[in-house]
Amino acid sequence: MDEDNLNRFYPNLDIEEPDPDINYKHNMSKQKGNSWSNYAVRIIVSTASHPLEYAKVLIQIGHEPIAPRPTTTLFGRPALKLPNIFEYVRYIKSVDGLVGCYRGFVPKVCGNLASAIASQKVIDHLESDKEDEEELSEADEDKRTELFFKSVKKDLVTRATAIVVSHPFHVVTIRIMAQFVGNETTYNGLFASIMQIYKESGVKGFFSGLVPRILGDVFSLLLASALAYAFNTYVFEDKELQMYTSATMSFIASAITYPFQVVSNCMAVAGTSLAAGSPPNMPFYNSWLDCWSDLSRRNQLKRGSSLLIRYYVGPQLIIGGRAIPSDKNFEFMK
């Protein structure tokens, strides 16, 4: 890296007679230190939240081991309430113990690390055309639009690469978790699971559900970026408000594209030897579009999106002002 690029990336270095090589090594070491610190924080957060993510995946693939109970909505209408995410985790713990709440943790961490490293490698190889905030604020609308499209393009390449690299670990994680449905041990450990997937489906098995996952992420990024750019350009002039726009729009975009996540996780187990991926728990799907169509028809594309207040949306009857599920899986409640 030449001195011009050093000054571009590190404009605030105030050292007399600076040695570019020394400054470069110093700042690169700080960057690497910060990156590994970020990885460590991610691992800590993943450890704490894994039981919740585990329960969410089981909900997404359609496993509801606890029957819904009669309740009423905020408007007083009869409804059936499913256990919230914390009740679901308690149920998992009652079956498998605390250790059982961490099924799939190792491959998930490996996938996160693979994703982070792949992202960093791509960023390092892409040209950096970032402008200082002062230059961006002074740029005309055409220039800002150009910079916006360049930034989105880089983000798309980075995110898509990270997903492709980490997806095999994602498939292993989902299948290990899905074993809870049938109390199976087909996928036992990271390396044994990799061998099992290859044995069952070959290389393509490692990329089950990849297409809806990438599409969901791409649509989410495009939507969030476009909304943030529009609001920051034409609505919010206050810099403090603009700081929150990106996070808010990312949340909205994620909610809109959430069905892609459900379909991706379903396709990661569909058609396998696992009970979770076979009838009656899950139909055989010819493609992810077939899965999308089926879940849409049954109003199941958003399952798992609400984790605290969950209502049963399957077939049900209202008898004496009380909701009762008519699904054969919950016949014992009648």
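**Salt bridges, rings and a small set of strands**

In this predicted model, Glu64 and Arg310 make a salt bridge whose closest N and O atoms sit 2.2 Å apart. The two residues come from distant parts of the chain: Glu64 is in the loop between α2 and β1, Arg310 belongs to strand β3, and their positions lie 246 residues apart in the numbering. Arg310 has a relative accessibility of 5%, so this arginine counts as buried, the cut-off being under 20%.

That pair is one of eight salt bridges in the structure. Another is formed by Lys108 and Glu53, with 3.1 Å between the closest N and O atoms. Lys108 is in helix α4 and Glu53 in helix α2 (residues 20-60), so the bridge ties together parts that are 55 residues apart in sequence. The two partners differ in how far they are covered: Lys108 is buried at 10% relative accessibility, while Glu53 is partly exposed at 33%.

Arg103 pairs with Asp96, and here the closest N and O atoms are 2.9 Å apart. Again the arginine is buried, with a relative accessibility of 17%, and its acidic partner Asp96 is partly exposed at 26%. Elsewhere, salt bridges with shared partners join Asp294, Arg297 and Arg298 into one network.

Arg103 also turns up in the surroundings of an acidic residue that goes without a bridge. Glu184 sits in the loop between α6 (141-182) and α7 (190-201). Why does Glu184 have no salt bridge? The nearest side chain of opposite charge is that of Arg103, 7.1 Å away, and a salt bridge needs the nitrogen and the carboxyl oxygen within 4 Å, so Arg103 does not qualify. Glu184 is nonetheless buried. Setting aside residues up to four places away in sequence, Glu184 touches Arg103, Ala178, Gln179, Ser273, Leu274 and Ala275.

Taken as a whole, the protein has 11 helices and five strands. Of its 334 residues, 36% are buried. Contacts reach well along the chain: among those between residues at least 6 apart in sequence, 70% join residues at least 24 apart.

Turning to the strands, three of them build an open sheet in the order β1-β2-β3, and the pairing is antiparallel. β1 (69-72) and β3 (310-311) stand at the edges with a single partner strand each, so each has one side without a neighbour in the sheet. Strand β2 (residues 78-82) runs antiparallel to β3, and two bridges join them. Lys81 stands opposite Tyr311 in β3. The strand β3 is also where Arg310, the partner of Glu64, is found.

Helix α4 (residues 105-125) deserves a second look, since Ser119 is found in it too. Ser119 is buried, at a relative accessible area of 15%. Beyond its neighbours within four places in sequence, Ser119 is in contact with Thr158 and Ala162.

For aromatic side chains, the structure holds seven aromatic pairs. Tyr102 and Phe105 are one of them, an edge-to-face pair with 5.9 Å centre to centre and 85° between the planes. Tyr102 is partly exposed at 29% relative accessibility, whereas Phe105 is buried at 17%. Trp288 and Trp292 make another edge-to-face pair, at 6.4 Å centre to centre and with 80° between the planes. Both of these tryptophans lie in helix α11 (residues 288-297), four residues apart, which is about one turn of the helix. Trp292 counts as partly exposed, at 25% relative accessibility. Ring pairs also link Trp288 and Trp292 with Phe219 and Phe260 in a cluster.

Finally, there is the segment that holds Phe219. An unreviewed UniProt entry lists residues 214-235 as "transmembrane region". In the model, that stretch is 95% helix and 0% strand, and its end C-alpha atoms are 30 Å apart.

Key. Residues numbered from 1 in each chain as written. Heavy atoms only, no water. Buried < 20%, exposed > 50% of the residue type's maximum accessible area, 1.4 Å probe, protein only. Contact = heavy atoms within 4.5 Å. UniProt positions renumbered as here; feature names shortened; annotations may be inferred. Lys, Arg positive; Asp, Glu negative; His and termini not counted. Pairing = 2+ DSSP bridges. Phe/Tyr/Trp six-rings, centres within 6.5 Å; stacked < 30°, edge-to-face > 60°.
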